[in-house]
Amino acid sequence: MRCQRRLSFQLPLPTSSSSFSSSTPSFGTSKSNSSSSHRNNTTTMMVPERASLILRRFLLLVAVSLCFLVLFKTFSPNYSLLRFSSASLSSIPFDDSSLVSDEARLEKVLKDAAMKDKTVILTTLNDAWATPNSVIDLFLESFRIGDHTRRLLNHLVIVALDQKAFARCLVIHTHCFSLVSEGVDFHQEAYFMTPDYLKMMWRRIDFLRSVLEMGYNFVFTDADIMWFRDPFPRFYLDADFQIACDHFVGDSDDVQNRPNGGFNYVKSNNRSIEFYKFWYSSHETYPGYHDQDVLNIIKFHPFIMEIGLKMKFLDTAYFGGLCEPSKDLNQVCTMHANCCYGLNSKLNDLRIMLQDWKQFLSLPPNLKRLSILSWRVPQNCSLDSLQHYDSPAPEKDAQGLQE
C-alpha cells in the first residue's frame, strides 16, 4: 500500500484511480499482492522514460526554432537594415521610417565631406542628368582634369532629387544625400519656369538654408558648371554671400550685376541664415517667380542692409558662362552652360568646352601665356534666341535645379 500511495502521488493515472475506488481495501492472498506490486513497479519505471522523451522533443524544438531565427536574421531585408554601417545609414533614400532622421543623415554626410573650416561643395542631381555620359559625368570629369580641383571632389556632396539619381550617385561618387520633395516628381528634365522647375528651385533655397543652420559654409554649384581651377583663391574673404553672374558690370559691390543662382559661396552665420529665410519667404510675396528673379528684386531691399549682409558679385572673367564667357583660359575658374535651351544642346556645348580646356592644357607654358586659344562655345546654345540682359527674366534652360 505504501507503494500504491507513492505512485498515485507521482502520476495520478485515471486507470489506477478507478481501480482504487472500485475495490475495497483488502489484504488478500500474496498472489494478488504480487501482481499489483508488479504493475505498480512497471508504471514507476515508465515515468522517467516519458520525461526523458518529452525533454528530448523539447530540446529538438528549441534547436529547430533557433535555426529558423538565424536564417530569418540573415536573409530578412528588414532585419538587414539594422546591420548597415553609419555610412550607409547616412544615405538611405525616401523612407520616413528610416532608422535615423533626415537631419541626422544630412549631418553625417556633411561631416564626412567637410573641409577643416566646415565648408562643403554641393550640387543637385536628378535622373535626367544622371544617366551615363550625361551632365554629371562631364561635371566630375572637369574636377579630375582641372587645375588643383581633383582634391575638391573629396568635399563634394551630390544631393539626389529622385531614387534613380541617388542610385547612380552611389556608383560614381562617395558623398551622396537623398532629398525628397513631397508631391513632386523630379526625375524628368524640368524646363525653365514650368511649375516643377519653380518647386525645385525653391526647394533648393530652403535646403541650403538648413545647411547654413547646421553650421556649414557651402559652395553651391549647378552640375552644368565645369570646374577648371580651384575657385577659393578668387573668393572674397569679407563676404557673407557671393554669387556668380550672367552679366558682370565691372564692380563686385554693384547690385546692378545680374546674379545667377547656379553658383554661390556662402558662409554660415546669423546674417546669411536670416537672408536665406527672407529669400525663401519672398517666393510667397512674388508667386510665379523663380529664385533668381526674386533675388534680383530683394537685393535692393532695406532688409539686406538691416541684417548687415555683405554681398559680393563674382567677376565673369573668373566665373564665366555661355551668357558671358571668360575670355582668358589662364584665369578662368568655372564655366557655366547657362543661357541654353535643351539638354542635348547643353551636352554638346559642355563637351566642346571640355575639349577646349584639354587642348589648352596640352600647350607648352609659353603658348599658354600668349592666350592664343579661346572658347568655341556657345554653339548649339545660341544666344540669339535669348532676351537681352536688361530684360526682366532672361530665359535659361534647367535640368531640375539647374539653369
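The paragraphs below go through a predicted model, from its overall make-up to a helix pair, the nonpolar cores and two loop residues.

The protein has 403 residues, and 47% of them count as buried. Its secondary structure consists of 15 helices and 10 strands. Among contacts with a separation of 6 or more, 72% are accounted for by residues 24 or more positions apart.

One helix pair can be followed in detail. Helix H8 covers residues 135–145 and helix H14 covers residues 343–362; their axes come within 10 Å and cross at roughly 15°. Angles under 35 degrees count as roughly parallel, and H8 and H14 are therefore roughly parallel to each other. Their crossing is left-handed. On the H8 side, the contact is made by Val 135, Leu 138, Glu 141, Ser 142 and Ile 145. H14 contributes Leu 343, Leu 347, Leu 350, Arg 351, Leu 354, Trp 357, Lys 358 and Leu 361. By type, the residues of this contact are 9 nonpolar, 1 polar and 3 charged.

Both helices also appear in the largest nonpolar core. This core has 53 residues, and those with the most contacts inside it are Phe 139, Met 226, Trp 227, Phe 228, Phe 263, Met 353 and Trp 375. Two or more residues each are given to this core by strand E1 (119–125), helix H7 (127–130), H8, strand E2 (156–160), helix H9 (163–172), strand E5 (225–227), strand E7 (258–266) and H14. H14 supplies the largest share, 8 residues. Another core, of 42 residues, lies apart from this one and includes Phe 177, Phe 218, Phe 220 and Ile 298.

Two loop positions remain. Asp 224 sits in the loop between strand E4 (217–221) and E5. A relative accessible area under 20% counts as buried; the value for Asp 224 is 0%, so this residue is buried. Asp 224 is 38 residues from Gly 262 in sequence, and their C-alpha atoms are 8.9 Å apart in space.

Leu 314 lies in the loop between strand E8 (311–313) and strand E9 (319–321). With a relative accessible area of 1%, Leu 314 is likewise buried. Neighbours within four places in sequence aside, Leu 314 is in contact with Phe 235, Tyr 236, Gln 242, Ile 243, Ala 244, Cys 245, Phe 248, Phe 263 and Phe 319. One of these, Phe 263, is also among the residues with the most contacts inside the largest core. His 247 is 67 residues from Leu 314 along the chain, with 9.8 Å separating the two C-alpha atoms.

Methods: Residues numbered from 1 in each chain as written. Predicted model: local features only at pLDDT ≥ 70, side-chain atom pairs only at ≥ 80, totals over all residues. Heavy atoms only, no water. Axes fitted to C-alpha atoms, helices over the stretch in contact; angles between N-to-C directions. Helix = DSSP H or I, 4+ residues; strand = E, 2+ residues; numbered from the N terminus. Parallel < 35°, antiparallel > 145°, perpendicular 65-115°, else oblique. Left-handed = near helix turned anticlockwise from the far one by under 90°. Contact = heavy atoms within 4.5 Å. Nonpolar A, V, L, I, M, F, W, Y, C, P; charged D, E, K, R; others polar. Core = buried A, V, L, I, M, F, W, Y, C linked by side-chain atoms within 4.5 Å. Buried < 20%, exposed > 50% of the residue type's maximum accessible area, 1.4 Å probe, protein only.
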